[in-house]
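Here are some exercises to work through with the structure open beside you. Try each task before you read its solution.

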Amino acid sequence: MSFQIHNTLSRRKEEFRSLQPGIVRMYNCGPTVYSRAHIGNMRTFLLADLLRRWLELSGYEVRQVMNITDVGHLTDDDAGEGEDKIEAQARREKRDPWEISRGYTELFLSDLAKLSFVPPLVHPRASEHVPEMLEMIEGLIAKGHAYRVGDDVYFDVKSFPRYGALSGNRVAELEAGARIAVREEKRNPEDFALWKSDPAHLMKWKSVFGEHGFPGWHIECSAMSRKHLGEQLDIHTGGEDNIFPHHECEIAQSEAFTGKTFARYWMHARFLQVDGGKMSKRLGNCYSLDDVVAKGYEPRHLRYCLIRGHYRQPLNFTWGILEECRSALESLDDFVRRLRVAAAAGGPARGEELVAAARASFDAAMDDDLNTPSALAAVFALRGATLEDRLGPQAAHAALGFLERVHAALGVLRLEQQNLDQQVEGLIRARLAARKAKDFAAADRLRGELVALGIALEDTPRGVLWKRADGTGGGPIQ
RNA sequence: GGCGGCAUAGCCAAGUGGUAAGGCGACGGAUUGCAAAUCCGUUAUUCCCCGGUUCGAUCCCGGGUGCCGCCUCCA
C-alpha cells in the first residue's frame, strides 16, 4: 500500500509520488505572529508535523519549511487596505511592532516544542525575505502579470486564466460576491496587492517602487518557498481558510513567474471547533496551549485530542473531551508498562502475529491520507490483546518496537524508561517481601511511605508496577 | 448570491453496496489481603428525514432539514 493523499486541487485521494525520488519538498503555511497561537492553529500545524513524520517513516528525506509571517498581512489584504495586523497589535499593546513579532514568534516556537513538533529545516521570516519578494514582483511586471499604480503593485488576475482552479471560485462570481473592492486604481476588482507603499507604515523597505514600501501577504510564501525549496514543491499545506484567497494567489504568482507547476499536492486542515461552534474572542474560548497546561493537562493530551479525529473532518473541542483524551492516553501508558512486564517475563513464544497485524493496520491507516483515528484503533486493539495476556516475551518485545514506530508517527506516547532511585526501589522490594511473608500491615505502611514519595504501585501476577503520581515514568519490579 | 464540507450510540470518532472499528463513560458480574488495575458481559435494530437506483444502501443519485467553512480578519 502506498501513501494516499487527499489533494485539494483534484478534490480526491491520489497516490503520493515525489518529484525527486526519495526527497519531499514540503511548505507549510505558518502563523502570522500578531497574537498568541490558539489550539485551532495547532490543529493545522499538526497536520504538517504528522505529514513530516509519516513521510520520514516511509523512507523519504523531508525538506520541510514553515514560514513565519511577521509583516505585510493586512486586515484587508486583497483590497490592499486596512492596517498591518502586527502594527495594529503593536498599537494595542503600545509596543514596537518588531517587538510584537519577535515575542509572538518565540512563543509560537516554544508551543511547537512543547507539543513535540519535529523542527522543520527552517522557519523563514517574511521580513528577512523582502529582496526575494521584490525580485519576483519585478519579474511579474516584466512578464506582464503585474502592473504598477503609483508606488503600489498589483497582480493582474485576468492574466492568469487558471486563477480559481484550487478553490473552485470563478472570477465572475467573485465580482458579484459580498466583497466589493473599491480600489479604482486596480484593473480588476479581484487583483491583489504585491507591494504597497505607505509612509505611515512602521515596517517598511526601500525599493524601486519608492521609499516607504512593504510586501503584500501572498507574495511572501511564493518567494520563501522558492528560495528554500526551489520552484516546485511536492506538498503545500495550510488551514482550510487559506484555500482562498491565499493559496490561489500563491499559485498565480509562482506559476506566472516560473512557468512551472508550483505545488503538486495541496492539503488543508479543517478548522477545529470549540463547544460545538467556531471559537471566538467574544465567547472567550480561543484557548492557547497555556490554558490547557494551566488546567493541569500535558501538551501531549492536547496533541492526542487533535489527532483523535481525521484532519479533514470537523472536530470539536471541549474540556470534557480533553479529559476523556487524558484517560485514553493514560491507558496507553499503562499498556507500555504491561508490555515491559511481559517482555521481561518467561514463557513460550506466542502472539507475534497480533503485533504484525497491529502494525499492518496502523500503517494502512496512516497511508490512507493520515487516518489517525483508525491508526489509533490498531494500537488499542493490540493493547486489548496484551491485557488478555496473549503476548509472549518476544511478541511483547516486538510490540514495544511497534510502539516506538507509533510514537515516531504520532508523538503522543510516553516510552522513555525512568530509573527508580535506590531508596524507592528498596522500599518497593521491602514491601514485596512483607507481602510474601503475609505481613500486610508492614506492606501497607511501606506503600504509604511510597505514596508520600509520589509513587503509586500496582500488584499484578507478574510483579509490581510502579508509576509516579504525576503519570511520568513507571515500570515493573520483579 | 457563488463555491465547498459535514450529519454514525450518553460523549468523542472510524468505516463499508451485503447489514456498523476504536476510545471515553455507564451498568452487571469476576478477580484482588487491601488498593489500583485488569478480565467477562451489556450499552446504535430509522447509521438526520423523504424519495430513487439495486436482489440488497448507513455507504450511490435526487430533494429536504440542520450545522460548519470560504467568498470579508481568521489555522
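Helix axes here are lines fitted to C-alpha atoms over the stretch in contact, and angles between N-to-C directions run from 0 to 180 degrees. Please keep in mind that the model is predicted.

**Exercise 1. Describe how helix α11 packs on α12, and classify the angle.**

Step 1. Two packed helices are described by the angle between their axes and the distance between the axes.

Step 2. For α11 (residues 352-367) and α12, the angle is about 170° and the axes are 7 Å apart.

Step 3. Angles over 145 degrees count as roughly antiparallel, and α11 is therefore roughly antiparallel to α12.

Step 4. On the α11 side, the contact is made by L354, V355, A358, S361, F362, A365 and M366. α12 contributes T372, S374, A375, A378, V379, L382 and A385.

Step 5. Sorting the residues of this contact gives 11 nonpolar, three polar and no charged.

**Exercise 2. Find the angle at which α10 and α12 cross, and say which residues make the contact.**

Step 1. The axes of α10 (residues 319-344) and α12 (residues 372-387) come within 10 Å and cross at roughly 50°.

Step 2. That angle makes α10 oblique to α12.

Step 3. The crossing of α10 past α12 is left-handed.

Step 4. From α10, the contact uses A328, S331, L332, F335, R338 and L339. From α12 come V379, F380, L382, R383, T386 and L387.

Step 5. By class, the residues of the contact of α10 with α12 are eight nonpolar, two polar and two charged.

**Exercise 3. Work out the strand order of the sheet that holds β16, β17 and β18, and explain why β16 and β18 count as edges.**

Step 1. The three strands form an open sheet in the order β16-β17-β18, with antiparallel pairing.

Step 2. β16 (455-460) and β18 (475-477) each have a single partner strand, so one side of each has no neighbour in the sheet.

Step 3. From one strand to the next, the twist averages 30°.

Step 4. Six bridges join β16 to β17 (residues 463-468). To check the register, look at A456, whose bridge partner in β17 is K467.

Step 5. Now add a helix: α10 lies across β16, β17 and β18 and runs at about 145° to β17.

**Exercise 4. Which strands pair with β11, and in which sense?**

Step 1. β9 (residues 192-197) pairs with β11 (residues 210-215) in the antiparallel sense over three bridges. Within this pairing, W195 has P215 as its bridge partner.

Step 2. β10 (residues 205-207) also runs antiparallel to β11, joined by two bridges. Here the bridge partner of S207 is G210.

Step 3. β10 and β11 form a hairpin, with two residues between them.

**Exercise 5. Locate the domains, then inspect the backbone at P245 and S116.**

Step 1. The domain assignment divides chain A into domain 1 (27-269), domain 2 (289-410) and domain 3 (422-477).

Step 2. The centres of domain 1 and domain 2, taken over C-alpha atoms, are separated by 37 Å. In their contact, 20 residues of domain 1 meet 27 residues of domain 2.

Step 3. F244 and P245 are joined by a cis peptide bond, with omega about 5°. P245 is found in helix α7 (residues 243-258).

Step 4. S116 is not a glycine, yet its phi is positive, at about 65°. S116 is found in the loop between α3 (97-114) and α4 (130-142).

Notes:
Residues numbered from 1 in each chain as written. Chains lettered and ligands numbered in written order. Predicted model: local features only at pLDDT ≥ 70, side-chain atom pairs only at ≥ 80, totals over all residues. Heavy atoms only, no water. Helix = DSSP H or I, 4+ residues; strand = E, 2+ residues; numbered from the N terminus. Parallel < 35°, antiparallel > 145°, perpendicular 65-115°, else oblique. Left-handed = near helix turned anticlockwise from the far one by under 90°. Contact = heavy atoms within 4.5 Å. Nonpolar A, V, L, I, M, F, W, Y, C, P; charged D, E, K, R; others polar. Pairing = 2+ DSSP bridges. Domains from an automatic or database assignment.
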